[in-house]
Amino acid sequence: MPELPEVEITRRHLADAIDGRRFMDVSVRHPRTARHNGGDPAVVEQRLQGRKAGNVARHGKFLVVPLDGGMTMVAHLGMSGRFRIDDGLGPEAPHTHFVSKMDDGSVVSFIDPRTFGFVAVFDEVELESTGLARLGPDAWETPPSVSDLAVALRGRKAPIKALLLDQGPIAGLGNIYADEALFLAGIDPRTPGGELTEDQLEGLLTAIRLVLAGAIEKGGTSLDDLAYLLPDGRAGENLTSLQVYGRAGEPCFRCGEIIDKVVIRARSSHFCPGCQHG
């Protein structure tokens with residue numbers, strides 16, 4: 001599933017295409033793409049048609065586009081979604097579930113083979129009741145301070161890996177970058193969040209920043225299934241930089257110990273027993 005780096009890369013491409021432009025000839029082809037507007041494609045089409053996009057933003061894994069008239073477009077890439085921006089003259093990609101021509105003639109498409117992603121348009125009241133309202137500070141744009149993260153984790157007995165995936169203490173991390181950040185910080189993913197010291201939290205926040213920066217620079221992580229692709233259709237090149245994720249049974253690049261994999265709260269977690277002691 002695309003995580004913060006992949007969504008941030010998408011945000012940048014999308015911003016270049018739609019900031020300050022109007023949505024024209026909007027077409028939503030799949031009810032699941034419109035499921036957060038009652039599963040009715042016509043609602044998304046009518047609410048978006050003719051509206052001018054403000055600056056494309058992102059919070060965690062969500063793309064957030066303010067629109068004129070007090071409306072907001074929210075999109076999530078799900079497991080396999082990607083936005084494509086082109087001139088609309090070539091063949092349409094398979095599994096294209098959303099298309100809009102912009103007022104400058106460019107075409108924005110949302111391609112989502114597994115249909116776990118969505119495009120929605122909310123008014124101000126509806127927006128307050130969405131999942132955006134419960135997200136913690138964004139891991140890239142507005143990361144929490146050490147003291148704020150300590151407060152958010154105080155007394156929490158859940159494993160730190162599960163708390164990172166929860167999106168409440170900090171938003172944007174999924175399995176890949178949570179595993180990578182915990183490795184870089186030297187923290188066992190099974191450690192209860194409330195037991196981490198301020199020094200460990202400082203190291204974790206630094207590790208998160210470094211891991212995200214590296215992934216963004218390399219275009220994100222496309223795994224072997226190519227579920228995530230860049231808006232231009234290329235694969236992200238961060239896969240070869242991963243230290244632990246997907247490497248169970250292989251030696252650690254740093255210490256030589258064998259990378260282990262455990263299941264934490266129904267999610268796989270990869271870590272090095274030699275480098276991640278606590």
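## Exercises on strands β2, β3, β4 and residue S100

In this predicted model, β2 and β3 form a hairpin with two residues between them, and G60 in that turn has a positive phi of about 60°.

**Exercise 1.** State how many bridges join β2 to β3, and in which sense the two strands run.

*Solution.* Take β2 as residues 57-59. Three bridges join this strand to β3. The two strands run antiparallel. One pair can be checked in the structure: H59 has F62 of β3 as its bridge partner.

**Exercise 2.** Describe how β3 pairs with β4 and what the turn between them contains.

*Solution.* Begin with β4, which covers residues 72-76. Its pairing with β3 is antiparallel and extends over five bridges. Within this pairing, V65 is matched with M73 of β4. The two strands form a hairpin with five residues between them. In the turn, G69 has a positive phi of about 80°.

**Exercise 3.** Explain why β3 counts as largely enclosed by the rest of the structure.

*Solution.* The strand spans residues 62-66. A residue is buried when its relative accessible area is under 20%. Four of the five residues of β3 are buried, so the strand is largely enclosed by the rest of the structure.

**Exercise 4.** Is S100 buried or exposed, and which residues does S100 contact beyond its neighbours within four places in sequence?

*Solution.* Locate S100 in strand β6, residues 96-102. Its relative accessibility is 0%, so S100 counts as buried. Outside those sequence neighbours, S100 is in contact with F23, M24, D25, V26, S106, V107 and V108. For M24, the backbone oxygen lies 3.2 Å from a polar atom of the S100 side chain.

Technical notes:
Residues numbered from 1 in each chain as written. Predicted model: local features only at pLDDT ≥ 70, side-chain atom pairs only at ≥ 80, totals over all residues. Heavy atoms only, no water. Buried < 20%, exposed > 50% of the residue type's maximum accessible area, 1.4 Å probe, protein only. Polar contact = N/O pair within 3.5 Å; in protein donor to acceptor, adjacent residues only side chain to side chain. Contact = heavy atoms within 4.5 Å. Pairing = 2+ DSSP bridges.
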